[in-house]
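User: Please take me through this model. I want short answers with the reasoning shown.

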Amino acid sequence: MTEIIKADAERDAPCAGLRIGDAAPDFSARSTTGNVCLSDYRGRWLILFSHPADFTPVCTTEFVALARSADKFEKRDCALMALSIDSLFSHFAWLRMIRDRYDIEVRFPIVEDPTLVIGRAYGMVAPHDNDSATVRTTFFIDPQGVVRAMTCYPASVGRSTPEMLRTLDALQAVDDGPVLAPANWTPGEAMLAQPDASLDTVFAAKEPTDWFMKETKRGSRR
Ligand code: BEZ
């Protein structure tokens, strides 16, 4: 999609099936930190995530957890941006309540998407659901504006901030060299080398797994 989406556009955008490797659709919208434009984030990582509704229990725990980890995302040069169908004034009131009750200020932007035009372009709305609330989608967008990973959780299950940071670390580490992140990898642990793709290597390998399973020291960026 090359056209920029406006959050107050008509409610007729198709439900997109965004995939890893797709360009993140650009949009401009009102947010709790002023007008935001997705393309202004080029040059740094961005985690764009939707939540079903303000003033709900699971969402509140997610925002408290993310705000408390804001410095960890900053250290990784990654901005955070949230989005829901709720109005800007609902977002403001919710953030005020969070500050007063949990003693933490949410300073990353929360976009209002009243017509769900952005939510639909990103596939944040369950297409067969009568409820217009967005589900808990998370898009990891790289400095070139490309979707590199995404997750989708139901309203009933909150996301893990450590796993969001770990995914970001792994994406940044694999970009640093031809390496792969194994299961449960965390920074400082060995990564895996890209496997060779030649039959001679397969037959010459001493052990049956040697040709495709090789650890490498790379990946201690943090
Ligand atoms: C919650 O965040 O707790 C929530 C949001 C929407 C539906 C159900 C729960």
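The questions below cover the nonpolar cores, the cysteines, one threonine and a strand pair; the model is predicted.

User: Which element supplies the largest share of the largest nonpolar core?

Analyst: This core has 25 residues, and Ile47, Phe49, Phe63, Phe73, Ile98, Val106 and Phe108 touch the most other members. Strand E4 (45-50), helix H1 (57-68), strand E5 (78-84), helix H3 (88-102) and helix H5 (161-175) each give at least two residues. The largest share is 5 residues, and the element supplying it is H1.

User: How many residues does the other core hold, the one with Ala24 and Leu48?

Analyst: It lies apart from the largest nonpolar core. Ile118 and Ala121 are also among its members. Its residue count is 22.

User: Which residues is Ile98 in contact with, leaving aside neighbours within four places in sequence?

Analyst: Ile98 is one of the residues that touch the most other members of the largest nonpolar core. Its contacts, with those neighbours left out, are Thr60, Phe63, Val64, Asp103, Ile104 and Val106.

User: How many disulfides does the structure hold?

Analyst: A disulfide is a covalent bond between the sulfur atoms of two cysteines. For Cys59, the nearest cysteine sulfur belongs to Cys152 and is 13 Å away, and Cys59 is in no disulfide. The number of disulfides in the structure is 0.

User: Why does Cys78 form no bond with the closest cysteine sulfur, and how far away is that sulfur?

Analyst: The closest cysteine sulfur is in Cys37. It is too far for a bond, because the separation from the sulfur of Cys78 is 18 Å.

User: Is Cys59 buried or exposed?

Analyst: Buried means under 20% relative accessible area. Cys59 has 1% relative accessibility, so Cys59 counts as buried. Cys78, with a relative accessible area of 2%, is likewise buried.

User: Which backbone oxygen does the side chain of Thr167 reach?

Analyst: Thr167 is found in helix H5. Thr167 is buried, with a relative accessible area of 17%. Not counting residues up to four places away in sequence, Thr167 touches Phe140 and Ala149. At 2.8 Å, its side chain reaches the backbone oxygen of Glu163.

User: Which residue in E3 stands opposite Ala29?

Analyst: Strand E2 (residues 27-31) and strand E3 (residues 34-37) run antiparallel, joined by 4 bridges. A hairpin through 2 residues joins E2 to E3. Opposite Ala29 in E3 stands Val36.

Conventions. Residues are numbered from 1 along each chain as its sequence is written. This is a predicted model: local features need pLDDT of at least 70, side-chain atom pairs count only at pLDDT 80 or more; totals for chains, interfaces and linings use all residues. Side-chain values use heavy atoms; hydrogens and water are left out. A nonpolar core is a set of buried Ala, Val, Leu, Ile, Met, Phe, Trp, Tyr and Cys residues joined through side-chain atoms within 4.5 Å. Buried means under 20% relative accessible area, exposed over 50%, partly exposed in between (1.4 Å probe, protein chains only). Contact means heavy atoms within 4.5 Å. A disulfide is a pair of cysteine sulfur atoms within 2.5 Å. A polar contact is a pair of N or O atoms within 3.5 Å; within protein, one must be able to donate a hydrogen and the other to accept it, and residues adjacent in sequence count only if both atoms are side-chain atoms. Two strands pair if DSSP finds at least two bridges between them.
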